[in-house]
Amino acid sequence: MGRAQMEIWTVANQKGGVGKTSTTVALAGIAASEGKRVLMVDLDPHGSLSMYFRQEPDYTHKSSYTLFEKKDQLNSELVHGLVRVTPLKTLQLLPAATALATLERQMHACEGLGMVISKAMAQVKEDYDLVVLDCPPVLGVLMINALAACHQLIIPVQTEHLAIKGLERMLHTLKMLARSRPKPLPYVIVPTMFDRRTQAGVQSLRVLRNEYGDQVWQGKVVIDTRVRDASKAGVPPHLFAPSSAAVACYQQLYRQLIDHRVLTGGESQKTAN
């Protein structure tokens, strides 16, 4: 029996500071520890994912920006030449460069710019089981690439009022995108940084569930300082603090994602028993 087809997950929201990079690293790290060959791709010019693994976007010459520079020369050798190792053998990183911020200005007239990541990932589809794309918090060519390439969208939303307002912009983007896709993109809203000790956190989670219903993952990622400590150490959270509360949350989310048991886009995708 052959390997399952490579899956691509995109972690995105049109608001910063909601846990996108932490979610990317946590899910990718858990997948790698379970034996999957995983590639993380940093598409954010700020390069938080890259810096997590000690790759400095201001000084990175081989990066996701290179895919756009050489979009007409894409092949597996080129893509693999951009990849960096991490503390986990089966977890690799394609870092970002600050130059990504200039992409739309430099290449605005180029055709096919929205499908570069899709084409690049197709070159390495035999080499990875899972690709996780980390996006900038703005709608532009980088987010469009990530949404066009992925099979599953994960939208982290901090459980606070302003983050919920930002979610509305992301969902509006999905509605626009649906017009150009043969079928809607499955997505799941993931409540993050939940603190049950605060009234604001409890109320925000209640609003999320009341407003978006089955589109919201049934769990929640609790606030946990050990996730921040893991980033300082440069290792995935489950390796740094395997018994931490946030890691347990991400393990539950990961399990449901790969079993296709999350509620996505308002529709259940439960597998048959």
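This is a short tour of a predicted model, stop by stop, with something to select at each one.

**Stop 1: helices 8 and 9**

Start by selecting residues 161–178, which make up helix 8, and residues 199–212, which make up helix 9. Look down the pair: the two axes come within 9 Å and cross at roughly 25°. That angle is under 35 degrees, so helix 8 and helix 9 count as roughly parallel to each other. The crossing here is right-handed.

Now show side chains. On the helix 8 side, pick out His-161, Ile-164, Leu-167, Glu-168 and Leu-171; facing them from helix 9 are Ser-204, Val-207, Leu-208 and Tyr-212. Colour this contact by class and you get 6 nonpolar, 2 polar and 1 charged residues.

Zoom in on Ser-204, which sits in helix 9. Is Ser-204 buried or exposed? It is buried, with a relative accessible area of 7%. Skip the residues up to four places away in sequence, and what Ser-204 touches is Thr-159, Glu-160, His-161 and Ile-164. Two of those names, His-161 and Ile-164, should still be lit up from the helix 8 side of the contact.

**Stop 2: the nonpolar cores**

Keep helix 8 on screen and move into the largest nonpolar core, which has 54 residues. Which of its residues touch the most other members? Select Leu-67, Phe-68, Met-121, Val-131, Leu-133, Leu-153 and Ile-155. Helix 8 supplies the largest share of this core, 7 residues.

Ile-155 is a good place to park the camera. Leaving out neighbours within four places in sequence, Ile-155 is in contact with Leu-167, Met-170, Leu-171 and Leu-174, among others. Its list of contacts also includes Ala-12 and Asn-13, along with Tyr-187, Val-188, Ile-189 and Val-190. You have met Leu-167 and Leu-171 already, as helix 8 residues that meet helix 9.

There is another core lying apart from the largest one; it has 32 residues, among them Ala-32, Val-38, Leu-91 and Val-227.

**Stop 3: helices 1 and 12**

Next, select residues 20–33 for helix 1 and residues 245–258 for helix 12. These two pack at about 65°, with their axes 10 Å apart. Since 65 to 115 degrees is the range for roughly perpendicular, helix 1 and helix 12 fall into that class. Helix 1 passes helix 12 in a right-handed crossing.

Bring up the side chains again. From helix 1 you want Ser-22, Thr-23, Ala-26, Leu-27, Ile-30 and Ala-31. Their partners in helix 12 are Tyr-250, Gln-251, Leu-253, Tyr-254 and Leu-257. Sorted by class, the residues of this contact come out as 8 nonpolar, 3 polar and no charged.

**Stop 4: Leu-239, back to helix 1**

Ser-33 falls within the 20–33 range of helix 1, and it leads to the next stop. Select Leu-239, which is in helix 11, residues 237–240. Along the chain Leu-239 and Ser-33 are 206 residues apart, yet their C-alpha atoms are 9.1 Å apart in space. Beyond its neighbours within four places in sequence, Leu-239 is in contact with Ser-33 and Leu-88. Leu-239 is partly exposed, at a relative accessible area of 41%.

**Stop 5: two positive phi angles**

Most residues other than glycine have a negative phi. Here are two exceptions to click on.

- Arg-54 has phi near 65°, and its place is the loop between helix 2 (48–52) and helix 3 (64–69).
- Met-193 has phi of about 55°. Find it in the loop between strand 7 (187–192) and helix 9; it is partly exposed, with a relative accessible area of 30%.

**Stop 6: Ser-48 and Glu-77**

From Arg-54, step back into helix 2 and select Ser-48. Ser-48 counts as partly exposed, at 36% relative accessibility. Set aside neighbours within four places in sequence and Ser-48 is in contact with Thr-21 and Asp-42. Draw a C-alpha distance from Ser-48 to Asp-58, 10 residues apart in sequence, and you should read 12 Å.

Finish at Glu-77 in helix 4, residues 76–80. Buried or exposed, which is Glu-77? It counts as exposed, at 67% relative accessibility. One last distance to draw: Glu-77 to Glu-104, 27 residues apart along the chain, with C-alpha atoms separated by 26 Å.

Methods. Residues numbered from 1 in each chain as written. Predicted model: local features only at pLDDT ≥ 70, side-chain atom pairs only at ≥ 80, totals over all residues. Heavy atoms only, no water. Axes fitted to C-alpha atoms, helices over the stretch in contact; angles between N-to-C directions. Helix = DSSP H or I, 4+ residues; strand = E, 2+ residues; numbered from the N terminus. Parallel < 35°, antiparallel > 145°, perpendicular 65-115°, else oblique. Left-handed = near helix turned anticlockwise from the far one by under 90°. Contact = heavy atoms within 4.5 Å. Nonpolar A, V, L, I, M, F, W, Y, C, P; charged D, E, K, R; others polar. Core = buried A, V, L, I, M, F, W, Y, C linked by side-chain atoms within 4.5 Å. Buried < 20%, exposed > 50% of the residue type's maximum accessible area, 1.4 Å probe, protein only.
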